[in-house]
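Trainee: Could you take one part of this structure and go through it closely, setting out what its surroundings look like before you move on? I would rather have a single connected account than a list.

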Amino acid sequence: MRQVALVTGGGRGIGEVIARALARKGMRVAVVARTVSDIERVAAAIREEGGQALSVVCDVTRPDAIAAAVAEVQRAFGPITVLVNNAGAADSHKFLGHPDALWHRMIDANLNSVYYVTKAVVPMMVEARWGRIINIASIASKIGGKYVVAYTASKHGVLGLTRALAVELVAYNITVNAICPGYVDTPMTDRAITNIAARTRMSEVEVRATLEKLSLQNRLITPEEVAHVALMLVDDEARGITGQAINVDGGAVMF
Ligand code: NDP
């Protein structure tokens, strides 16, 4: 069967590389995000490589928009059997004086979005009696960090959702896993570096070097390394892997 994949946050960074990799594997891919120019660029790149792609504008924090997006993908490509919940946001603030709006924004973007999109897509996988759900979590799903209370709580939540759902969906041949990257070389990390440099006396070069040192390998992870694990998880031979949280972090976290 030719699989249909939906990748949230497919317009840039990790999501773009995963979307393109799944298309190269022969899947029809729906590239979902809010910025039209980004998703159209990625979909066009997939088509240029001979693949099939659909760009779908959707804010994954809005259930109504998700319902419309999922229906559009199903009409164009058929039932979705591979879901990559990758869209996310990472803003930081110290806990003293933490803005409530920031808390809600992080929970919405990183956790509620995964809940809503998965809820909209899972019935198709249950019907197909086959599915792959891959949640792009973070090492912040496993450890705490300074100034990232909201992001950390949201990503810990993604891990809880992953594990509970793996148990509930096992009877339908649906696997549910999380990938937990350390700092990845993407626009999100570029923004984090700029923000940290603006708040400290460090230059952007120094901040980048500090983030690199968080990995035992003294480097940032590439989006391709994260995509490699996602590709592995969609294979039929990966059917025994479910409820897992796989770190891609140069050995920074060992559980
Ligand atoms: P980027 O900021 O580079 O890309 C994020 C993507 O998500 C964009 O396409 C963005 O598009 C989309 N997105 C964000 N919010 C929404 C929304 N509400 N609705 C729809 N799409 C949305 O991030 P990365 O590629 O670096 O990160 C991808 C995932 O990996 C995130 O979940 C992140 O938390 C996680 N991660 C990243 C790490 C890193 O170091 N970069 C480390 C560990 C985990 P648009 O704004 O146009 O909607």
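Mentor: In this predicted model, N173 is partly exposed, because its relative accessible area of 49% falls between the limits of 20% and 50% that separate buried from exposed residues. N173 sits in the loop that joins α5 to β6 (174-181), and its backbone has a positive phi of about 60 degrees although the residue is not a glycine. Most residues other than glycine have a negative phi. Y147 also has a positive phi, here of about 70 degrees, and it is not a glycine either. Y147 belongs to the loop between β5 (131-136) and α5, and with a relative accessible area of 43% it is partly exposed as well.

The helix named in both of those loop descriptions leads to the ligand. α5 (149-169) is one of the helices that each supply at least two residues of the shell around the ligand, the others being α1 (13-24) and α6 (187-199). Of the contributions to this shell, that of α6 is the greatest, at four residues. In total 29 residues surround the ligand, and the closest of them are R34, T35, Y151, V184 and T186. By character the shell divides into 13 nonpolar, eleven polar and five charged residues.

For the polar contacts it helps to keep side chain and backbone apart. Y151 uses its side chain, a polar atom of which lies 2.7 Å from an oxygen atom of the ligand. I14 uses its backbone, where an N or O atom is 2.9 Å from an oxygen atom of the ligand, and for G11 a polar backbone atom is found 3.5 Å from a ligand oxygen. Taken alone, the ligand would expose 870 Å², and the protein buries 96% of that area.

I14 also gives a link to a further loop, since it is among the residues in contact with N86 once neighbours within four places in sequence are left aside; the others are T8, G9, G15 and I136. N86 itself is placed in the loop between β4 (82-85) and α4 (100-128), and its relative accessibility of 11% is under the 20% limit, so it counts as buried.

How is the ligand placed with respect to the domains? The assignment divides the protein into domain 1 (4-90 + 100-182 + 222-248) and domain 2 (183-220). The contact between them takes twelve residues from domain 1 and nine residues from domain 2, while their C-alpha centres lie 25 Å apart. Both domains give residues to the shell, and therefore the ligand lies between them.

One more loop deserves a careful look, namely the one between α7 (204-213) and α8 (223-234), where S215 is found. S215 has a relative accessible area of 8% and is therefore buried, and its side chain reaches the backbone nitrogen of Q217 at 2.8 Å. Leaving aside neighbours within four places in sequence, S215 is in contact with D249, G250 and A252.

Conventions
Residues numbered from 1 in each chain as written. Predicted model: local features only at pLDDT ≥ 70, side-chain atom pairs only at ≥ 80, totals over all residues. Heavy atoms only, no water. Near = heavy atom within 4 Å. Polar contact = N/O pair within 3.5 Å; in protein donor to acceptor, adjacent residues only side chain to side chain. Areas by Shrake-Rupley, 256 points an atom, 1.4 Å probe, with all protein chains shown as cover. Nonpolar A, V, L, I, M, F, W, Y, C, P; charged D, E, K, R; others polar. Domains from an automatic or database assignment. Buried < 20%, exposed > 50% of the residue type's maximum accessible area, 1.4 Å probe, protein only. Contact = heavy atoms within 4.5 Å.
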